[in-house]
Amino acid sequence: MAKIEIQDLTYIYSEGTPAAKKALSNINLCIKKNEFIGIIGRTGSGKSTFAKHLNALLKPTEGKVILDGKDIWDEPKEIRNVRFKVGMVFQYPEHQLFEETVYKDIAFGPSNMGLPKDEIEKKVYMACEFINLDFDLLYKSPFELSGGEKRKVAIAGVIAMDPEVLILDEPTAGFDPKSKEQLLYQLHCYYKNRGKTVILISHNMDDIAKYSDRIIVLDNGNLVMLDSPKRVFSQIDLLKSIGLEPPQITSIMQALKEEFPDLSDEILSVDEAVEALSNFVKNR
Ligand code: ADP
């Protein structure tokens with residue numbers, strides 16, 4: 001299981017040119033082993049730039065990314081192993097499909113890892129089950145598939161590598177509600193039952209509140225908070241000042257609390273709200 005420490009991380013795009021843009025400023029944090037981490041922040045706050053540092057797609061302008069005690073840039077030949085250990089599902093991952101068949105696309109990662117053929121096959125089927133992709137599609141061209149199916153194939157390709165840390169950048173955009181819930185539930189199981197770390201970037205505060213142990217809040221390249229969903233979403237004024245809102249049910253309960261101060265406002269889901277409201281009514 002992997003632990004990631006970020007020390008004084010600063011990243012500047014096109015450094016030294018007139019187009020230079022500081023996207024991350026002096027970030028310090030630690031992601032423990034076997035955590036489910038949410039990353040939130042408005043568009044342009046640095047979420048993707050941060051995530052790309054975790055699997056060595058970007059090299060810090062300053063600072064370090066330390067994976068299991070080792071600076072990932074210390075030995076350039078180790079970068080490949082970092083990418084096997086830390087898997088990344090990009091925004092619009094379906095753009096990265098390129099093989100003739102779905103099977104080959106999903107097998108690409110495990111083949112690169114040098115696994116034997118039967119092991120690769122196992123991983124491909126395991127990844128299809130994970131993402132609920134029909135086995136009948138395996139011998140089709142990825143380009144014959146629907147948008148949602150293509151995205152599932154791309155996610156399966158990363159899952160097939162069985163990464164210790166799985167990062168997903170807005171993976172459910174474009175999914176129907178059922179596929180979205182299925183994927184989030186599977187990510188939860190990957191973390192809970194398989195002991196892995198999952199890092200989810202999302203604009204959907206309900207999903208982030210429901211699944212995360214802790215949430216990284218970014219604004220303008222700065223780390224604003226790293227805390228539990230309850231603590232993060234109780235900071236309404238701070239969130240508003242950086243263009244974010246708590247989950248809808250949390251906002252409703254926070255508004256109700258202004259009228260009824262005895263009511264709990266540390267509510268993140270409809271189920272919690274129902275329980276809090278029925279207790280409140282019983283005790284009046
Ligand atoms: P987010 O994922 O939160 O939307 P990004 O990490 O994509 O934010 O972007 C952070 C900042 O870096 C933004 O100001 C964005 O415009 C800038 N940026 C992102 N990618 C590039 C790039 N390839 N070249 C220059 N600037 C970039």
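**View 1. Ala255 sits in helix H10, which runs over residues 248-259.** This is a predicted model, where local features need pLDDT of at least 70, side-chain atom pairs count only at pLDDT 80 or more, and totals for chains, interfaces and linings use all residues. Residues are numbered from 1 along each chain as its sequence is written, and side-chain values use heavy atoms, with hydrogens and water left out. Helices (H or I, at least four residues) and strands (E, at least two) are DSSP runs numbered from the N terminus. At 46% relative accessibility, Ala255 counts as partly exposed. That label covers what falls between buried (under 20% relative accessible area) and exposed (over 50%), using a 1.4 Å probe and protein chains only. Pick Val158 as a partner and you get 97 residues of separation in sequence, with 42 Å between the two C-alpha atoms.

**View 2. The ligand and the residues around it.** Tyr13, Lys21, Ala23, Arg42, Thr43, Gly44, Ser45, Gly46, Lys47, Ser48 and Thr49 surround the ligand; to make this list, a residue needs a heavy atom within 4 Å of the molecule. Three polar contacts are worth zooming in on. A polar contact is a pair of N or O atoms within 3.5 Å; within protein, one must be able to donate a hydrogen and the other to accept it, and residues adjacent in sequence count only if both atoms are side-chain atoms. Gly44 puts a backbone N or O atom 2.7 Å from a ligand oxygen. Ser45 also uses a polar backbone atom, 3.1 Å from an oxygen of the ligand. Lys47 uses its side chain instead, with an N or O atom 2.8 Å from a ligand oxygen.

**View 3. Thr49, one of the residues around the ligand, belongs to helix H1 (residues 47-54).** Thr49 is buried, with a relative accessible area of 7%. Skip its neighbours within four places in sequence, and Thr49 is in contact with Tyr11, Tyr13, Ala23, Leu24 and Leu58. Contact here means heavy atoms within 4.5 Å. Tyr13 and Ala23 also turn up in the set surrounding the ligand.

**View 4. Helix H4 has a buried side and an exposed side.** H4 covers residues 117-131, so to speak a 15-residue helix, and reaches 21 Å from its first C-alpha to its last, close to the 21 Å expected at 1.5 Å a residue. The expected span is 1.5 Å times one less than the number of residues. Buried in H4 are Ile120, Lys123, Val124, Ala127, Cys128, Phe130 and Ile131. Looking down the H4 axis, these buried residues fall within an arc of 160 degrees, so they line one face of the helix; the arc is taken from the directions from the helix axis to the C-beta atoms. Asp118, Lys122 and Glu129 are exposed on the other side of H4. Cover for the buried residues includes helix H3 (102-112), helix H5 (147-159) and H6. Just past the end of H4, Asn132 takes a positive phi of about 60 degrees.

**View 5. Helix H3 packs its buried residues against H4 and H5.** Those buried residues are Val102, Tyr103, Asp105, Ile106, Ala107, Gly109 and Pro110. After H3 comes Gly114, with a positive phi near 80 degrees.

**View 6. Cys128 and Cys189, neither of them in a disulfide.** Searching the whole structure turns up 0 disulfides, a disulfide being a pair of cysteine sulfur atoms within 2.5 Å. For Cys128, the nearest cysteine sulfur is that of Cys189, 17 Å away. Both residues are buried: Cys128 at 0% relative accessibility and Cys189 at 13%.

**View 7. Ser14 and Glu170 each have a positive phi of about 50 degrees.** Most residues other than glycine have a negative phi. Ser14 is not a glycine, and its place is the loop between strand S1 (4-13) and strand S2 (21-31). Glu170 isn't a glycine either; find it in the loop between strand S7 (165-169) and helix H6 (177-192). Ser14 counts as partly exposed at 41% relative accessibility, whereas Glu170 counts as buried at 14%.

**View 8. Asn34 reaches over to Tyr191.** Asn34 lies in the loop between S2 and strand S3 (36-40), and at 28% relative accessibility counts as partly exposed. The side chain of Asn34 gets to the backbone oxygen of Tyr191 at 2.9 Å. As for Asp206, 172 residues from Asn34 along the chain, the C-alpha atoms of the two are 21 Å apart.
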